[in-house]
Amino acid sequence: MSTRIRTALVIGGGIAGPIAAMALQQAGIEATVYEAYAHTADSLGGGMTIAPNGQDALDAVGLGELLRPLGVPMTGIVMQDWAGRRLAEFGNPPGVPPMQLVWRADLYSSLHGEAERRGIRIERGRRLVDATETADGVTAHFADGSEATADVLIGADGIRSTVRTLIDPDAPGPQYAGLISFGARVEHVATPSTRSKMNMSFGKQAFLGYQVLDDATGVWFVNLPHPEPMSAAEARRTPAAQWLALLSAKFADDRTPARELIDRTPPEELIVVGSMENMPQVPVWSRGRMVLVGDSAHAPSSSSGQGASLSIESAIELARCLRDLPYPDAFAAYERLRRPRVERIIKETTHKNSAKAAGPVGRVVFAMLMRVFGRLAKPEKAAWMFDHRIDWAAEVAG
Ligand SMILES: Cc1cc2nc3c(=O)[nH]c(=O)nc-3n(C[C@H](O)[C@H](O)[C@H](O)COP(=O)(O)OP(=O)(O)OC[C@H]3O[C@@H](n4cnc5c(N)ncnc54)[C@H](O)[C@@H]3O)c2cc1C
């Protein structure tokens with residue numbers, strides 16, 4: 001029985017999946033991606049930031065240039081209260097490049113395009129439902145009755161991972177964070193440019209993030225406290241115009257540009273993301289020939305701005321480990337390399353969703369704390385998070 005691998009099944013064509021497949025190809029391992037949905041970039045919604053550490057990881061496997069043309073630089077975050085008063089500002093640590101704000105659907109399509117250009121097969125409409133292992137390999141079973149076999153199976157299937165449950169039937173699942181999320185791009189905004197900064201405001205009834213570019217286009221997102229979870233599909237049963245009217249009303253008493261941005265959004269441009277979730281620690285990352293990567297293993301708070309970047313880092317580190325070691329040792333080395341870092345980030349950012357979901361009193365208290373801690377916040381303290389580097393050429397020790 002050989003434990004050096006030549007082939008991999010990558011389950012999930014989000015961010016970690018195509019990147020893992022491209023990095024594996026560079027490591028001399030043939031990977032095929034299986035994505036549940038027929039049209040990957042559909043229904044994904046929203047803007048997201050790729051942090052400097054995520055950009056560095058992409059550079060490690062020659063993918064950084066793919067991202068940069070898609071992104072809008074973000075040099076800092078200005079926190080505000082409902083009246084638009086500045087509470088605190090968080091800049092990047094000195095010497096690191098700005099975050100890149102990208103549209104999720106653009107990033108996904110671009111990754112798929114590049115993977116296919118590099119000769120990687122992406123099979124769409126293939127939803128994994130089960131997997132069986134033999135001494136020689138692992139077979140994925142898909143909902144359409146088809147199968148595929150390879151040396152290892154990589155679960156890049158997101159926060160609601162099926163592979164996580166196959167590895168450990170007792171694995172925890174995501175917990176609703178008490179918020180549903182929306183976003184949009186808007187043209188012809190009257191609000192002045194925010195000068196490459198994202199403004200975030202604890203409104204009286206909902207949380208707003210917005211950035212206005214020098215060309216008078218803007219992006220915004222709203223996290224709306226909501227008692228019940230609502231999947232994107234459920235939330236989309238309500239017409240977009242109705243959601244826009246409701247969101248606009250939620251900001252009626254605030255003195256931020258929320259209403260201007262929302263009222264200028266054509267209903268067809270509204271992106272309804274659905275529930276925001278927190279993911280508890282995942283105790284088991286691999287079993288036999290199966291391993292987790294990305295949100296399936298470690299999903300930080302969706303407010304952390306690190307989920308995609310950590311997924312990118314992990315996908316590349318997993319490929320590096322599989323390049324240099326037999327798979328059982330590779331999985332152990334990968335977990336040793338990744339778990340302390342991702343869990344530290346998760347620990348430091350978990351409170352962010354709960355601050356947004358707090359009631360009106362909680363939000364006032366949080367704003368006061370933000371004002372105090374904002375003065376104390378030193379960008380250098382976050383340097384360890386952003387400064388992370390992957391040395392693709394370095395050999396992984398077993
Ligand atoms: C509202 C919101 C805002 C966010 N903002 C940011 C941000 O600003 N910055 C940031 O870094 N991160 C952000 N994130 C987190 C980020 O989106 C995730 O961390 C990232 O997408 C994880 O990548 P992934 O490839 O692991 O999972 P995903 O991108 O979720 O991809 C998983 C893929 O697997 C597929 N799949 C699932 N099950 C199966 C199956 N059984 N068979 C086959 N395929 C399957 C799915 O269809 C999907 O395409 C945000 C998340 C949310 C919800």
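**Exercise 1. Identify which ligand atoms have polar partners in the protein, and state how far the ligand is covered.**

*Solution.* Step 1. In this predicted model, a polar side-chain atom of Thr-162 is placed 3.4 Å from a nitrogen atom of the ligand. A polar contact requires a pair of N or O atoms within 3.5 Å, so the Thr-162 pair at 3.4 Å qualifies.

Step 2. Turn to the oxygen atoms of the ligand. One lies 2.8 Å from an N or O atom in the side chain of Asp-295. In the case of Ile-15, a backbone N or O atom lies 2.9 Å from an oxygen atom of the ligand.

Step 3. On its own, the ligand has 1,000 Å² of accessible area, of which the protein covers 86%.

**Exercise 2. Describe the shell around the ligand: its residues, their character and the elements that supply them.**

*Solution.* Step 1. The ligand is surrounded by 32 residues, and the closest are Ala-16, Glu-35, Tyr-108, Asp-295 and Ala-308.

Step 2. Sorted by character, the shell holds 12 nonpolar, 14 polar and six charged residues.

Step 3. Two or more residues come from each of strand E2 (30-35), strand E3 (47-50), helix H4 (104-117) and helix H9 (307-324). Of the elements, H9 gives the most, with four residues.

**Exercise 3. Determine the strand order of the six-stranded sheet, and locate its edges and the helix across it.**

*Solution.* Step 1. The order is E8-E2-E1-E12-E19-E18, in an open sheet with mixed pairing.

Step 2. Strand E8 (121-124) and strand E18 (286-287) are the edge strands, each pairing on one side only.

Step 3. At the E18 edge, E18 pairs with strand E19 (residues 290-292) in the antiparallel sense over two bridges. Ser-286 has Val-291 in E19 as its bridge partner.

Step 4. Helix H1 (residues 16-26) lies across strand E1 (7-11), E2 and strand E12 (152-155), and runs at about 170 degrees to E2.

**Exercise 4. Analyse the sheet that contains E3 in the same way.**

*Solution.* Step 1. Three strands make up this open sheet, in the order E3-E7-E4, and their pairing is antiparallel.

Step 2. E3 and strand E4 (72-74) form the edges, since each pairs on one side only.

Step 3. Direction ignored, neighbouring strands of this sheet are turned by 35 degrees against each other on average.

Step 4. E4 is joined to strand E7 (residues 99-103) by three bridges, and the two run antiparallel. Pro-73 stands opposite Gln-100 in E7.

Notes:
Residues numbered from 1 in each chain as written. Predicted model: local features only at pLDDT ≥ 70, side-chain atom pairs only at ≥ 80, totals over all residues. Heavy atoms only, no water. Near = heavy atom within 4 Å. Polar contact = N/O pair within 3.5 Å; in protein donor to acceptor, adjacent residues only side chain to side chain. Areas by Shrake-Rupley, 256 points an atom, 1.4 Å probe, with all protein chains shown as cover. Nonpolar A, V, L, I, M, F, W, Y, C, P; charged D, E, K, R; others polar. Pairing = 2+ DSSP bridges. Contact = heavy atoms within 4.5 Å. Axes fitted to C-alpha atoms, helices over the stretch in contact; angles between N-to-C directions.
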